[in-house]
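User: I'd like a close look at one part of this model, a helix and whatever packs around it. Could you walk me through it in one go?

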Amino acid sequence: MRRSGRSIRNVYIHVPFCTRRCVYCDFAIKVARRPAGDRWMGAIRKEFETLRASGDVPLAPALETIYVGGGTPSVLEPRFVGGVADVLGRERIRGTDIEWTVEANPESFTSSVARAWAALGVNRVSFGVQSFDPGALAWMGRLHSAADAEKAVGRARDVGVTNLSIDLIFGLPESVSRCWEEDLAHALELAVPHISLYGLEVEKGTPLFRNVAEGRTPRPSEARFQEEYLYASEALASAGYEHYEVASFAHRGFSSRHNRAYWEGTSYLGLGNGAHSYHADRRWWNEREWDAYAERVARTGSGRSSSEILSPEQARLESLWLGLRTSQGVRTVPLGASVARVVRSWEVRGLARLDGTRVRLTPAGWLVLDELTLELEAVRQDIP
């Protein structure tokens, strides 16, 4: 069930700047050779101060997680990452148990950035590696090499940051000759405690969408998508990783606490363009485009674009979907006849297992998560 709580202990801050836009990217980014760090910091500060003055955001005295994502936070001068602590209040991040994650691309995670982040208190870094194959990286529009990724991980470890994650993309078009098995083997050699997998999607407005529409790139194969996902799940599990969420694998004790807050329906605050927030069954989100967001904040103090209050039915469906996407699954006590019938059909098809009082999807089930959620929602009266 959702547990928004009385105060917000999890904060996401969006950095929009990237050196270039990757072929598949539909994120809320701003391509800039010289990121407008001062303008960004000023907008984040003003948005937060407006929210705090309004009383709408009951931020807890001590935060549990901060996540600075993007975009590419590592292209900013480290002082701007430090400014995040000043905006939120350093007293809120002094606890030894806080998880402070910042995303980085390997080519911009220099030794000086690593040292500065560690000194500020950043204790988790998520690297956008995507692949180790030179051809695949070039096709994506990435600026780093496999060697750059290895060096970046080493730099983090050299300054004492060992809670590390890397992102990998699977399901590339058949015309891209990347070997997925070799990419996973390379990732395992790095021995990072967390790996996130993302299946390639052809999103409107991206260079990839245009290339597919014009016939210059074949549409990615659904069969390849499924095969690579299932192979990765088995390979990483064999290597000691827990597949604890649809796209997430971790060694014991290294799951993403910030992402868990989303999946468990906990309150969170988002600052920056395109950022979303949630508290007490109310969700709001900011202007997506950086310039529009910055202009709105400068004019009104708020970057908010729109908001909604979740109905009980919406909240219930979302809670079910979030529960099914994690290895914890959802409770089924008492197990009504209609739920039992649905779950047993899933078990026969290898999509789920009934584990005591919980239904947990298998990797094959996660491939059809949306479909299964709606199927179970149809008999929701049997789920407490």
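Analyst: What follows is a tour of one helix, then of the parts around it, then of a few spots elsewhere in the chain.

Bear in mind that this is a predicted model. Let's take helix H8, which runs over residues 222–238. That makes 17 residues, and the helix reaches 25 Å from its first C-alpha to its last, close to the 24 Å expected at 1.5 Å a residue.

Start at the front end. A side-chain oxygen of Ser 221 reaches to within 3.2 Å of the backbone nitrogen of Ala 223 there, at the start of H8. At the other end, H8 is followed by Gly 240, and the phi of Gly 240 is positive, near 100°.

Now for the inside and the outside. Which residues of H8 are buried? The set is Arg 224, Phe 225, Glu 228, Tyr 229, Ala 232, Ser 233 and Leu 236. They cover an arc of only 160° around the axis, so they sit on the same side of H8. Note that the charged names Arg 224 and Glu 228 are in that buried set. Turn to the other side of H8 and you find Glu 227, Glu 234 and Ser 238, which are exposed.

What covers that buried side? The cover includes strand S7 (163–170), H6, S8, strand S9 (242–245), strand S10 (248–250) and helix H13 (363–366). So that list mixes strands with helices, because the elements named in it include both.

Ser 233 gives a residue-level view of this packing. Ser 233 belongs to helix H8, and its relative accessible area is 7%, which means it falls under the 20% cut-off and counts as buried. Leaving aside neighbours within four places in sequence, Ser 233 is in contact with His 243, Phe 249 and Pro 363. Put those beside the cover: S9 spans 242–245, S10 spans 248–250 and H13 spans 363–366, and the contacts of Ser 233 are at 243, 249 and 363.

One of the elements covering H8 is H6, and H6 deserves its own look. In H6 the buried residues are Trp 180, Asp 183, Leu 184, His 186, Ala 187 and Leu 190. Seen down the axis of H6, these fall within an arc of 160°, so they line one face of the helix. Glu 182 and Glu 189, on the other side of H6, are exposed. The cover over the buried residues of H6 includes strand S6 (124–130), H5, S7, S8 and H8. H8 and H6 therefore each turn up in the other's cover, because H6 is listed for H8 and H8 is listed for H6, and S7 and S8 are named in both lists.Just after H6, the backbone does something to check: Ala 191 takes a positive phi of about 60°. Ala 191 is in the loop between helix H6 (180–190) and strand S8 (194–199). At 42% relative accessibility, Ala 191 counts as partly exposed. For background, most residues other than glycine have a negative phi, and most peptide bonds are trans.

Two further backbone spots go with that. Ala 280 has a positive phi too, near 55°, and its place is the loop between strand S12 (276–279) and strand S13 (282–286). With 46% relative accessibility, Ala 280 is partly exposed. Then there is a cis peptide bond, with omega about 20°, joining Gly 70 and Gly 71. Gly 71 lies in the loop between strand S4 (65–70) and helix H2 (78–88).

Another loop residue is Ser 145, between helix H4 (134–140) and helix H5 (146–158). Ser 145 is partly exposed, at a relative accessible area of 30%. From Ser 145 to Ser 196 it is 51 residues in sequence and 19 Å in space, C-alpha to C-alpha.

Last, empty space. A search of the whole structure turns up one cavity of 30 Å³ or more, and the volume of the largest cavity is about 30 Å³. Its lining consists of Phe 48, Leu 51, Arg 52, Val 57 and Leu 59.

Notes
Residues numbered from 1 in each chain as written. Predicted model: local features only at pLDDT ≥ 70, side-chain atom pairs only at ≥ 80, totals over all residues. Heavy atoms only, no water. Helix = DSSP H or I, 4+ residues; strand = E, 2+ residues; numbered from the N terminus. Buried < 20%, exposed > 50% of the residue type's maximum accessible area, 1.4 Å probe, protein only. Expected span 1.5 Å × (residues − 1). Arc of directions from axis to C-beta. Contact = heavy atoms within 4.5 Å. Polar contact = N/O pair within 3.5 Å; in protein donor to acceptor, adjacent residues only side chain to side chain. 1 Å grid on protein atoms, 1.4 Å probe; cavity = no way out; pocket = protein on both sides within 12 Å on 5 of 7 lines; lining within 4 Å. Points joined across faces, edges and corners; volume = space filled by probe spheres on them.
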